[in-house]
Amino acid sequence: MTDTTFITASPGTTSARAVGAPAADAPLEGLVIERRATGPSDVRIDIRFCGICHSDIHFARGEWGEIPYPAVPGHEIAGVVTEVGSEVTRFSPGDRVGVGCMVNSCLECENCKAGNEQYCIPGNTQTYGSVDRDGTITYGGYSDHVVVDEDFVVRIPDGLELDAAAPLLCAGITTYSPLRHWNAGPGKHVAVVGLGGLGHMAVKIAHAMGADVTVLSQSLRKQEDGLRLGADAYYATSDDATFTELAGRFDLIVNTVSAGIDIGRFLTLLKTDGTLVNVGAPPEPLPVLAFPLILQRRSFAGSAIGSIRETQEMLDFCAEHGISADIEVISADQVNEAWERVLNSDVRYRFVIDNSSL
Ligand code: NAP
Ligand code: ZN
């Protein structure tokens, strides 16, 4: 891509080639951003691959609210350490590492102390679009390198290829965390709504945990894939008979849909005491009626990514079970096209940028 935007560098910082959005309604373009100098507890990472999450699109297009531009998305980062700060103990140059959706947190609140920094009470520092500790705006993984505090870096096990491991840093952990929290496993019936990036990881992980897995997709178009990924059953939500046939069937439903849907309808598919956990983050409201909740003591919940400890646990779990994302690797100049395909639910099942093409 051609460079169009330059941000003035300060002493000690480095320039990174990146792809980002100059405005909410503009296509992504090549730009140059600034990365901080490697601090004592920092790890400098040569980004090899970065997955494309639907959140990148919600964010860069301002669907979740106003953001600073230019915006450089990307929070499914897989790369190799090139430099470490003087106080870094866990990483060395040459290590294969990952960075997900957050790069810092207060480390002092109740949740951070309990190891749940994703729920940091004053708010964690997101990998992109957040104000960092030094007052600068964070830029994500659609770039050639990044500098991150070692506490927010995880190790990618040898058994996982870097390109197919990149999506685990968001899609993997965002589905693993609620599946673990709500005890997906043998004897449990789990449904996954939406077979996109998050959905396909939810199917693979829930299957590996030993649960009986059902995909609830808009149509039967991807049925063969769903069954290959590990689903035991596959239904179209466009067919009203699905809701009659599956009434009261599931212990847990994970909704990964990126758009506002009639979520209340899915509550009737839960057993007594079942939980519908929402991980999809559409800007539109998700309407829920009281009665399907009250009558069978059902729960409607939400879940955000996972902690750093849990992210490492998920990567180790995936390596142990031979799980990674089904990916389509693209070059940096294909990102706009890939975003359009994500918006059309035409992704099988994660686009991953080859960052050497930047
Ligand atoms: P994605 O790859 O685009 O997948 C979304 C899937 O939802 C699509 O493949 C499609 O599946 C279904 N879908 C899309 N539009 C729909 C519509 N209008 N009606 C019904 N179904 C529809 O997106 P993703 O990257 O997996 O992300 C999914 C959502 O999770 C996004 O909103 C993202 O921001 C959010 N997210 C949340 C967290 C968190 O921490 N909670 C983390 C990451 C992402 P079918 O074709 O199978 O129907
Ligand atoms: Zn994401």
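Here is a short conversation about the predicted model shown above.

Visitor: Before we start, what kind of model is this, and what pLDDT do local features need?

Guide: Residues are numbered from 1 along each chain as its sequence is written, chains are lettered from A and ligands numbered from 1 in the order in which they are written, and side-chain values use heavy atoms, with hydrogens and water left out. This is a predicted model in which totals for chains, interfaces and linings use all residues, side-chain atom pairs count only at pLDDT 80 or more, and local features need pLDDT of at least 70.

Visitor: Good to know! Which residues are the protein donors of the zinc ion (ligand 2)?

Guide: Donors here are N, O and S atoms within 2.8 Å of the metal (3.2 Å for Na, K and Ca), and water is not among the atoms, so sites may look incomplete. Along the chain the zinc donors follow the spacing C-x21-H-x94-C. They lie 1.9 to 2.2 Å from the ion, and they are Cys53 (SG), His75 (NE2) and Cys170 (SG).

Visitor: How many residues apart are His75 and Cys170?

Guide: Helices (DSSP runs of H or I, at least four residues) and strands (runs of E, at least two) are numbered from the N terminus. The donor pair links distant parts of the chain: His75 is in the loop between α1 and β5 (77-84), and Cys170 is in the loop between α3 (162-165) and α4 (171-181). Their separation is 95 residues.

Visitor: Is His75 buried or exposed?

Guide: The classes rest on relative accessible area with a 1.4 Å probe and protein chains only: buried is under 20%, exposed is over 50%, and partly exposed is in between. Cys170, with 4%, is buried. His75 has a relative accessibility of 5%, so this residue counts as buried.

Visitor: Glu76 follows in the loop between α1 and β5. Which side chain makes a polar contact with the side chain of Glu76?

Guide: A polar contact is a pair of N or O atoms within 3.5 Å; within protein, one must be able to donate a hydrogen and the other to accept it, and residues adjacent in sequence count only if both atoms are side-chain atoms. Glu76 counts as buried because its relative accessibility is 0%. A polar atom of its side chain lies 3.0 Å from the backbone nitrogen of Ala171. The side-chain partner, at 2.8 Å, is Arg350.

Visitor: Now to ligand 1. Which helix gives the largest share of its shell?

Guide: The ligand is surrounded by 30 residues, the closest being His54, Leu195, Ser217, Lys222 and Arg350, where near means that a heavy atom of the residue lies within 4 Å. Both α1 (54-60) and α5 (197-208) supply at least two residues of the shell. The largest share is three residues, and these come from α1.

Visitor: And how much of the accessible area of ligand 1 does the protein cover?

Guide: Polar side-chain atoms approach oxygen atoms of the ligand: His58 at 2.8 Å, Ser217 at 2.6 Å and Lys222 at 2.7 Å. On its own, ligand 1 has 920 Å² of accessible area, and the protein covers 89% of it. (Accessible areas come from the Shrake-Rupley method with a 1.4 Å probe; for residues, only the protein chains shown count as cover.)

Visitor: Why is strand β9 described as largely enclosed?

Guide: His145, Val147 and Asp149 point one way from β9, while Val146 and Val148 point the other way. In a regular strand the side chains alternate between the two faces of the sheet. Strand β9 (residues 145-149) is largely enclosed by the rest of the structure because five of its five residues are buried.

Visitor: Which residue of β9 is the bridge partner of Asp42?

Guide: Two strands pair if DSSP finds at least two bridges between them. Strand β4 (residues 42-51) and β9 are joined by five bridges in the antiparallel sense. The bridge partner of Asp42 is Asp149.

Visitor: One for the backbone: what is omega for the cis peptide bond between Arg348 and Tyr349?

Guide: Most residues other than glycine have a negative phi, and most peptide bonds are trans. Tyr69 and Pro70 are joined by a cis bond with omega of about 0°. Tyr349 lies in the loop between α11 (335-343) and β18 (350-354). For the cis bond between Arg348 and Tyr349, omega is about -10°.
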